[in-house]
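Trainee: I am new to this structure and would like a close look at a single part of it. Could you take me through the surroundings of ligand 2, step by step?

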Amino acid sequence: MSHPYPSLQADNTLGLAIHACHRVIAETPQAILNAWREAERNRQPFILLGEGSNVLFLEDFSGTVVINRIKGIHIEQQEDAWKIHVGAGENWHTLVESTLKQGIPGLENLALIPGMAGSAPIQNIGAYGVEFRDVCDYVDVLDLHTGETQRLHREACAFGYRDSIFKHHYQHGYAIVAVGLHLHKEWRPVLTYGDLTRLDAATVTAQEIFNAVCHMRRSKLPDPRVTGNVGSFFKNPLIGREQAEKLTGSYPGMPHYPQANGDVKLAAGWLIDQCQLKGFRVGGAAVHQQQALVLINAERATPQDIIELAKIVRARVGQKFDVWLEPEVRFIGAVGECNAVEAIL
Ligand code: FAD
Ligand code: EPU
């Protein structure tokens with residue numbers, strides 16, 4: 001028998017079989033506003049989604065899910081830069097590809113990150129030495145209470161590692177409707193990470209970096225169209241210098257990245273890997289064989305399978321290293337987002 005409510009299985013890259021009371025596709029800011037007002041009138045929970053590549057639904061959603069599909073790309077050429085205004089519902093990777101094809105470099109390190117352009121500022125997407133903040137000019141945010149749109153310039157977005165003001169002050173009652181990018185014509189390759197360090201800065205092209213990034217990503221990250229996942233399930237932990245020194249004393253091979261403020265970032269994937277958890281399975285959920293930081297929907301996983309697996313991973317790493325991982329993924333309950341750390345204590 002078919003389910004009475006719309007399915008969100010294709011709207012979350014984990015591919016969990018979740019339903020919502022209402023599923024609305026919004027192609028304009030006004031459509032988001034209308035759906036919000038309707039939900040408010042009916043006192044129903046409301047949530048926005050792009051591609052659902054950074055969410056874990058814990059259960060069916062008892063309200064309205066608005067799928068952002070606001071399109072439009074406008075490129076303005078200035079003397080020293082390209083200014084690109086992008087509708088929040090444009091696919092990020094397609095944007096990266098199409099700018100490169102038009103001879104506009106700058107986004108190549110951020111190739112193959114799933115999701116919408118309008119979601120990119122929320123956790124300040126980052127990969128291979130570049131973050132969204134490095135290319136951000138502004139973010140346009142619709143205040144759902146007033147119907148007015150505000151433009152926040154980069155400095156106002158409080159970007160940090162997997163963090164921004166859109167996870168704090170602008171989390172509830174706001175929708176990102178567009179982003180503005182600023183790409184310098186004087187292009188400088190960023191070759192600080194992984195295999196990119198082997199490339200020659202004097203001769204490398206943006207297309208070659210794009211190709212190398214795609215190659216590295218395809219070799220370790222599962223394609224969500226084939227195997228459900230949300231990329232890195234946990235954030236890379238930041239710890240104090242003293243604890244880092246103790247750990248590097250005990251584990252000389254441990255990857256560690258000193259930060260400007262004295263903290264040290266560790267590789268959560270390495271910590272999980274050291275607990276021999278690659279391939280570890282709970283029900284239909286598993287730790288990915290090629291990258292231990294990725295939890296996958298191996299076979300008809302339920303939200304409970306993923307949660308149980310995440311609990312075990314967090315506990316094992318905590319017991320072995322006294323480092324307590326926090327999810328990067330946003331946990332969504334029946335009426336809205338919940339505290340992800342509490343859900344896996
Ligand atoms: P969603 O998952 O749909 O939404 C994320 C959150 O934002 C939710 O809380 C949602 O309610 C909210 N939201 C969505 N749209 C809006 C809006 N318009 N206004 C306000 N709030 C909104 N991330 C990285 O940083 N680096 C990586 O290298 C990376 N690699 C990945 C690889 C894979 C295979 C996968 C599956 C994910 C990866 N991610 C990575 C995570 C993910 O791609 C990013 O977080 C992406 O920006 C999420 O976009 P989305 O449109 O799918 O957002
Ligand atoms: N490692 C292992 N075993 C593993 C996984 C990783 O030993 O199973 C080691 C690697 O050998 C390497 C280190 O851990 O020395 C880091 O691994 P990797 O380069 O794969 O990157 P990561 O730290 O796991 C981060 C981001 C990714 C981003 C890549 C590239 C976070 C939480 N994750 O992953 O972002 O694509 O760097 O820049 O910061 C995401 O956020 O969803 C995501 C995929």
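**The shell around ligand 2**

Mentor: Sorted by class, the residues that make up the shell around ligand 2 are eleven nonpolar, five polar and seven charged ones, and it should be kept in mind from the start that they belong to a predicted model. Altogether 23 residues surround ligand 2, and the closest of them are Tyr128, Tyr161, Tyr193, Asp273 and Glu328. Turning to the elements of the fold, helix H3 (206–220), strand S12 (228–232) and helix H5 (268–274) each contribute at least two residues to this shell, and among the contributors it is H5 that gives the most, with three residues.

The polar contacts can be followed one by one along the chain. At serine 232, a backbone N or O atom lies 2.8 Å from an oxygen atom of ligand 2, while at asparagine 236 the partner is an N or O atom in the side chain, placed 2.9 Å from an oxygen atom of the ligand. At alanine 292 the backbone again takes part, with an N or O atom 2.8 Å from an oxygen atom of ligand 2. As for how far the ligand is enclosed, ligand 2 on its own has 820 Å² of accessible area, of which the protein covers 81%.

Terms used: Residues numbered from 1 in each chain as written. Chains lettered and ligands numbered in written order. Predicted model: local features only at pLDDT ≥ 70, side-chain atom pairs only at ≥ 80, totals over all residues. Heavy atoms only, no water. Near = heavy atom within 4 Å. Polar contact = N/O pair within 3.5 Å; in protein donor to acceptor, adjacent residues only side chain to side chain. Areas by Shrake-Rupley, 256 points an atom, 1.4 Å probe, with all protein chains shown as cover. Helix = DSSP H or I, 4+ residues; strand = E, 2+ residues; numbered from the N terminus. Nonpolar A, V, L, I, M, F, W, Y, C, P; charged D, E, K, R; others polar.
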